[in-house]
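Q: Can you walk me through this model? I'll fire off short questions as they come up.

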Amino acid sequence: SVHSVKAVGRTAIKDNLSAGGEFVYKYYDRREQCWSMLTFAQSNPFFLADNQPGNQVSEFYALKCNILYKPIDGLFRMGGECHFLAASTAKQKDIRNKNVYSSYTIRPMLGMKIRKSVVMLAYGYSSVAEDVSISRFGNDKTIWINSVEALWFGQRQPYSSAQFPSRRYDQKRHSGLLNVEYDNGDFSLNGELLLYGGESEVRQRTEDKRVGFTHDKGVRGLLSVQLSRHKLSVELSSNAVVGFKPIQRREYNGNAYHYVQYGKVRRSESTYGDVLISYRKQQESGYWGLSFGQCTKTDRMLFYPTKFSSRRSNVSLHANGALFLPLYNQLLTTKLNLKYVIDTSDNEMLTNIHILPQGYYLEQAAMQAQYEYETSDYIAISPHLSWLMKSKGHLLVSLQIGYEGRFSVGKHSGHSRHGVDVGLKFNM
């Protein structure tokens with residue numbers, strides 16, 4: 001379940017200068033969680049994992065702010081935006097991982113208006129840091145923790161309570177954005193191109209040892225056309241992540257021991273591609289829309305002399321709509337999203353792995369569960385209800401209630417998930 005509070009505001013400082021902001025607080029209560037000990041489960045191929053399901057609570061604090069300077073009848077315009085996210089996650093059953101996560105993004109922008117067109121250029125820099133520590137309240141028996149290096153492959157190591165590992169994750173990313181808009185009233189055209197790339201590093205804090213590092217790059221393109229109340233858009237995205245394990249040795253430099261890196265081994269490669277075509281019709285009492293999507297994900301793990309490759313793909317059909325209903329001088333908004341996903345993967349789960357380097361293992365149960373989850377056909381239903389409760393001056397308060405359900409069908413049925421979201425939203 002999810003509980004949230006959201007505040008949104010925007011103000012005109014001057015005729016040509018405006019600023020806005022948004023603050024969101026979310027509280028997650030998840031049941032029977034295990035495996036990845038990361039705030040975002042698939043954010044890094046190098047992670048600690050456990051096989052003991054338990055309840056998990058998380059808190060997220062997100063802050064966004066932006067400012068735009070737009071001279072009246074001026075040629076140039078400039079602005080910027082900043083995003084900040086802080087989160088904490090804790091598991092409530094041994095073994096207990098506690099995560100402290102923070103990230104920020106800054107994006108200065110410069111634009112030019114040419115007749116009825118506006119061209120904007122933006123540069124983005126983002127930084128992510130996460131600390132993962134492990135503890136337990138139980139007895140002092142030795143326990144086993146999985147040190148995963150790529151999806152389901154890694155090493156299983158024994159630890160006592162005085163030796164639990166703790167890790168530090170750092171990621172830096174640079175991006176460039178080009179946005180072009182044309183609007184002549186009844187007809188508008190919007191195009192956007194985003195390029196990004198970055199790297200991350202994982203360190204074992206107890207030994208100041210480099211565990212692994214990744215390089216990633218991606219591109220996203222968006223083109224939308226709107227004619228009167230009809231809007232058609234096409235979105236393309238692609239991403240690639242390569243994980244490396246360092247070749248290093250512990251050496252003494254005269255004062256203390258430290259690790260010296262002499263090389264690296266390519267450990268994993270992951271690519272992702274997505275296409276989404278959408279249509280929406282806007283009406284005075286609401287809107288409705290249809291979408292078609294296709295995505296492909298490929299993973300390769302390199303544990304010489306063994307190589308592992310898996311390719312998953314699916315197509316999806318979306319239908320969504322909203323209805324605005326006046327109610328007791330207030331406004332009731334109902335939204336419904338429906339999604340049907342059909343698996344089109346052309347290969348089965350790999351089961352013929354016989355040779356792995358000494359000390360490494362394959363987590364068969366986790367691989368089987370994730371494969372079945374990702375390759376199952378499913379229906380997703382997401383109804384949302386928003387009631388504008390109060391309007392006083394410039395303050396608008398609304399109550400929001402939502403449900404998200406995923407129901408697996410076909411050959412891998414039984415992987416259903418449910419979630420409820422209750423929140424308050426303040427507009428100022």
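**Chat about the model**

Q: Let's start with A322. Where does A322 sit?
A: A322 is placed in strand β15, residues 306-327. Strands (E, at least two residues) and helices (H or I, at least four) are DSSP runs, numbered from the N terminus.

Q: Before we go on, what kind of model is this?
A: It is a predicted model: local features need pLDDT of at least 70, side-chain atom pairs count only at pLDDT 80 or more, and totals for chains, interfaces and linings use all residues. Residues are numbered from 1 along each chain as its sequence is written, and side-chain values use heavy atoms, with hydrogens and water left out.

Q: Good. Is A322 buried or exposed?
A: Buried, because its relative accessible area is 9%. The cut-offs are under 20% for buried, over 50% for exposed and partly exposed in between, with a 1.4 Å probe and protein chains only.

Q: What does A322 touch, beyond its neighbours within four places in sequence?
A: S285, G286, Y287, T334 and K335. Contact means heavy atoms within 4.5 Å.

Q: And how far is A322 from E181 in space?
A: 26 Å, C-alpha to C-alpha. In sequence A322 and E181 are 141 residues apart.

Q: Zooming out. What is the secondary structure made of?
A: The protein comes to 1 helix and 20 strands.

Q: What about overall dimensions?
A: The C-alpha atoms fill a box of roughly 65 × 55 × 45 Å along the principal axes. The radius of gyration is 25 Å, which agrees with the value near 22 Å for a compact globule of 428 residues. That radius is taken over C-alpha atoms, and the globule rule is 2.2 Å times the number of residues to the power 0.38.

Q: How much of the protein is buried?
A: Buried residues make up 37% of the 428. The protein exposes about 24200 Å², and carbon and sulfur atoms supply 57% of that. Areas come from the Shrake-Rupley method with a 1.4 Å probe; for residues, only the protein chains shown count as cover.

Q: What share of contacts is long-range in sequence?
A: Take the contacts with a separation of 6 or more: residues 24 or more positions apart account for 61% of them.

Q: Now the core. How many residues does the largest nonpolar core have?
A: It has 30 residues. W35, F47, I134, I145, W152, F153 and M301 have the most contacts inside it. A nonpolar core here is a set of buried Ala, Val, Leu, Ile, Met, Phe, Trp, Tyr and Cys residues joined through side-chain atoms within 4.5 Å.

Q: Which elements supply at least two residues of this core each?
A: β3 (47-69), β6 (117-135), β7 (143-150), β8 (153-159), β14 (286-303), β17 (361-362) and α1 (364-374). The largest share, 4 residues, comes from β7.

Q: Is there a second core?
A: Yes, a separate one of 7 residues, including V2, F60, L85 and V128.

Q: Back to the big one. What about M301?
A: M301 is in strand β14. At 2% relative accessibility, M301 counts as buried. Its contacts, leaving aside neighbours within four places, include A150, L151, W152 and F153.

Q: And I134?
A: Leaving aside neighbours within four places, I134 is in contact with M37, L48, I95, R96, N97, I145, F164 and P165.

Q: I95 is on that list. Where does I95 lie?
A: In the loop between β4 (76-91) and β5 (96-114). I95 is buried, at 6% relative accessible area. I95 and S135 are 40 residues apart in sequence and 6.3 Å apart in space, C-alpha to C-alpha.

Q: What does the helix pack against?
A: The buried residues of α1 are A366, M367, Q370, Y371 and E372. They pack against β2 (17-36), β15 and β17.

Q: Any odd backbone angles?
A: Most residues other than glycine have a negative phi. R115 has a positive phi of about 55°. S228 has one of about 60°. Neither R115 nor S228 is a glycine.

Q: Where are they?
A: R115 is in the loop between β5 and β6, and counts as exposed at 80% relative accessibility. S228 is in the loop between β11 (209-227) and β12 (230-252), and counts as partly exposed at 47%.
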